[in-house]
Amino acid sequence: MKHFVTDAVQATLAALHQQGVLKTSAPRAVGFSVDPPKNAAHGDFACNVAMVLAKVEGQPPRKLAEAIVAGLVDVHGAIDKVDIAGPGFLNFTLSARAVTGVVRTVLAAGETWGRSPSSGKRVLVEYVSANPTGPVHIGHARGTFVGDALARLLSAAGHDVVREFYVNDWGKQVETLGRTIHKRYRELFGQQVTLVDGEYPAEYVKDLARAWKDEDGACWLDQPEALWLERAIEVGVRENVTAIKRTLALAGAQHDTFFSESTLHKAGRVRAIVDTYRARGATYDADVARGTEDKVRRDESKAAQFEDRQKGGTFLLTADHGDDEDRIILRRDGTPVYLTADLTYHHDKFERGFDRIVDVFGADHAGHVPRLKAGMTLLGHDAKKLEFVLVQIVRLVRDGQEVKVSKRKGTVFELADLIDEVGADPCRFIFLMKTANAQIDFDLDIVQKKANDNPVYTFQYGHARCASILKKAAEQGQPFAGLDALTPAVLDALMLPEERAMLKKMSLLPEVVANAADTLEPHRVLYFCQELIAEFHSYFTKYKRTERVITDDRDKTQARLALVAAVKATLKSAFAILGVDAPDHMTAPEEDA
RNA sequence: GCACCCGUAGCUCAGCUGGAUAGAGCAUCUGGCUUCGAACCAGAGGGUCGGGAGUUCGAAUCUCUCCGGGUGCGCCA
C-alpha cells in the first residue's frame, strides 16, 4: 500500500529530472521517507522528499513540493489527493479502493502475511549455548527467548536460518564436572567423599553419577583419573545436553545443530588455526601483550587478581583491528585458551558460507565482540557479517532483594522451574517486550502475581475475539464466504476511519518484520501487534451499538468479516513470528474479590 | 583509569535509524455490559525526554562534554 506512494514519488522525481526541473542527477539516491503520519488529519502517508531535496536543489522545500504535486505521476492510480503542509511535507491521501484492497492482499497471504519471499540468504543464529555442566538456568532465559524470536524473525524475513547451540564440552569446567561426577559415583558405592571448592555441589550431579553407574557398573571405581575422566565427561555432558534440550523444548525453542567444541580440539583444528595465524604473520611470542606492560588496571579487576597466572605465550594481533589489546591464543605450555577454540568455531561458521552470522551473547561476554571480529578479520573474513546481540543482565529480585544465583553454591534457579511457575508465553513476553540491550529486573514476586494479568493475555484475547466473531457469524447463518466473494464493490462498505486505519496498519506488517529482522529487534513486531489490537478493541467497542460487524446487510457483513479475518490472520502470523500461541478461545480469569 | 550498554509519565518500557501536538501498559480517579467475548473500551491527571553545548528548515533520535546506574577489561569457559 505504501508502495503506491513510494512508486509515485520516484516516478515523479524521474519525470521532473527529465524535464529539467530537478538538477539532482539521481533523485532516487536521496533517502526520502514515506511514513504514516501520527496525525490522521495529515492523510495516509507523509513524504519528506521536498525537504530532503531542498539543500541539493538549492530551492525552498515548499517550492519543490509544489513542483512535485504539479507534476505528480500516479503510477498505480491510487492517490486521491496530495497536500503540502508544514515546512514542506507531502501528505498523500489514497483512494478508498487502494485502502480496502489490503483486505484481499492480507487474506490471500493468510497466516503467512508479513513474511517475505525467500531472500536466498543464509543466516546462522547461535543462542543459549549454556555450559553443559548443568541445567539451563534463569540467566539463560532472556537469551533463549530473544534468540528464538530472532531466529523466527529472520526466517519470516525470508532468510534460510540455522539455529545453533555451541557446546563447551572441553576445558577446565567440564573436567571439574567429570571429577565431581566421579565423586558422586564413588558415593553410590558407599565411599566417603568431600567436594573441594569449585566442584559442583548441586543435586543433579548425583543423577549424572547414577546414570553413569547404570551404564558402566563399578568398573571405574578404583581406577586413576586419567582413565575415567574422559568417560565421566562424556556421560555428564551427554546427560546435561539432554536435559538442556528438554528445557528448551518447554521454552518453545529449538536448535537445528549442536556444535561440539571438543570435536574442534580432537580434529586438530584449533592447532591448525594457530598455524594459520602464524603463517599470516598475525602472532608473536611474548610474556605480556604489546603495550600492556604498564597498563593501569583497577586493583579489584580480575586481570590484576589473576596476574600471577599469566605467564605469556603466543599472542594474536587483535589490537590492530579494534581490540583493546592483543589476546593470547597459546599458553606458555602450548595449550590453547577458550578464545582460540572460539576463533576456530567462528572460522568454521564463515567457512559454512553464511551471509549473516548472529551471536546472541550475555552482556558479560561483551568483551568477546572485538576479539572475535578482529580474529575473523585476521583470517581474511568480512567481520561485518558477524553480528552480536548482547542480551543485558537480568537482575533476579525476590522480596525486594537481589537473588544471587551461583552454580558454585548449588543455588541454581532453573529455567524449567520458571516456565513451570509462570508459563512459557508470559515468560517469553516479559523478555520480548524490551530491547535486548537494556538491563532489566526480574521480580519473582511480581511475576507470579502478574502471571494472571500479563500483557500476553491482552494480545491473545484480541485474536480470540476475532475468532469468536467469525464463529458467531457462522452460527447466525452468515459465515465468512472467503476471498472469492470479496469484490471491490463489496469492500467499499469499509468506510469508517477506524477500518481504514486498521487496513493501513496491517499493510505495514511485512515492512515491520523486514525492519525488525534487519535490526535484530523482535520487540518491534510485538509493539506492532499491540497497536493493531488496541485499534481493533477500540473499533469494536465504539461501534458495538451502531455499526456492528454482523448485520442484515449481507455485503457489509461480508466486508467486515473480511476485515476481522484479516486482523486475525495478521495477529496469528505476527504471533508465530514471536513464538507466541494464538488461541481461538480463552477462559476469563477468576474475579478477585 | 579504559571500553561498551542504559537514563523518556509515580512504576515498567516504546518512539519506525532526523520529522508535524513525545506514546503504550501498569498504578490512581471518573464513566461504560438486555444484543457480535468487559482478559475490553471511553475520559482525566501525570513530562526541564538526566544536565549543558553544538550540528540544521527541524533533535528524545546525530556529535561533544559533564552527572547518575550497570557490565566488562582472565593465560576461566
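This is a short walk through chain A of a predicted model, one selection at a time.

**The whole chain**

Start zoomed out, with the C-alpha trace of chain A on screen. Along its principal axes the trace spans about 85 × 65 × 45 Å. Colour by secondary structure and you'll be looking at 22 helices and 15 strands. Of the 593 residues in chain A, 49% are buried. Now turn on a contact map if you have one. Take the contacts between residues at least 6 apart in sequence: 76% of them join residues at least 24 apart.

**Domains**

Next, colour by domain. The domain assignment splits out domain 1 (2-94), domain 2 (172-239) and domain 3 (455-592). Put a pseudoatom at the C-alpha centre of domain 1 and another at that of domain 2, and the two sit 71 Å apart.

**G77, a loop stop**

Select G77 and look at the loop between α3 (61-70) and β3 (79-85), where this glycine lies. Is G77 buried or exposed? It's exposed, with a relative accessible area of 54%. While you're here, show S95 as well: 18 residues separate it from G77 along the chain, and their C-alpha atoms are 8.5 Å apart.

**S129 and L520, two positive phi values**

Jump to S129, in the loop between β5 (122-126) and α5 (141-156). Check the backbone: phi is near 45°, a positive value in a residue other than glycine. S129 has 14% relative accessibility, so it counts as buried, the cut-off being under 20%.

Then select L520, in the loop between α20 (509-519) and α21 (523-542). Here too the residue is not a glycine, yet phi is positive, about 60°. L520 counts as buried as well, at 11% relative accessibility.

**L339 and its neighbours**

Now go to helix α12 (residues 338-351) and pick out L339. This leucine is buried, with a relative accessible area of 6%. What does L339 touch, leaving aside residues up to four places away in sequence? Show R327, I328, H368, R371 and L372 as sticks, and you have the set. For a distance label, try L339 to H368: the C-alpha atoms are separated by 8.3 Å, with the two positions 29 residues apart along the chain.

**Helix α14, seen end-on**

Select residues 415-422, which make up helix α14, and highlight L415, A416, L418, I419 and V422, its buried residues. Rotate until you look down the axis. Why do these residues end up on the same side of α14? They cover an arc of only 160° around the axis, which puts them there. The background is plain helix geometry: an α-helix has 3.6 residues a turn, so residues three or four places apart point the same way. Before you leave, step one residue on to G423, which follows α14 and has a positive phi, near 100°.

**Where α19 meets α22**

Last stop: show helix α19 (residues 497-507) together with helix α22 (residues 554-578). They pack at an angle of about 35°, and their axes are 11 Å apart. The crossing of α19 past α22 is left-handed. To see what makes the contact, select E499, M502, L503 and M506 on α19, then R560, L563, A566, V567 and T570 on α22. Colour that selection by class and you get six nonpolar residues, one polar and two charged.

Methods. Residues numbered from 1 in each chain as written. Chains lettered and ligands numbered in written order. Predicted model: local features only at pLDDT ≥ 70, side-chain atom pairs only at ≥ 80, totals over all residues. Heavy atoms only, no water. Axes fitted to C-alpha atoms, helices over the stretch in contact; angles between N-to-C directions. Helix = DSSP H or I, 4+ residues; strand = E, 2+ residues; numbered from the N terminus. Left-handed = near helix turned anticlockwise from the far one by under 90°. Contact = heavy atoms within 4.5 Å. Nonpolar A, V, L, I, M, F, W, Y, C, P; charged D, E, K, R; others polar. Domains from an automatic or database assignment. Buried < 20%, exposed > 50% of the residue type's maximum accessible area, 1.4 Å probe, protein only. Arc of directions from axis to C-beta.
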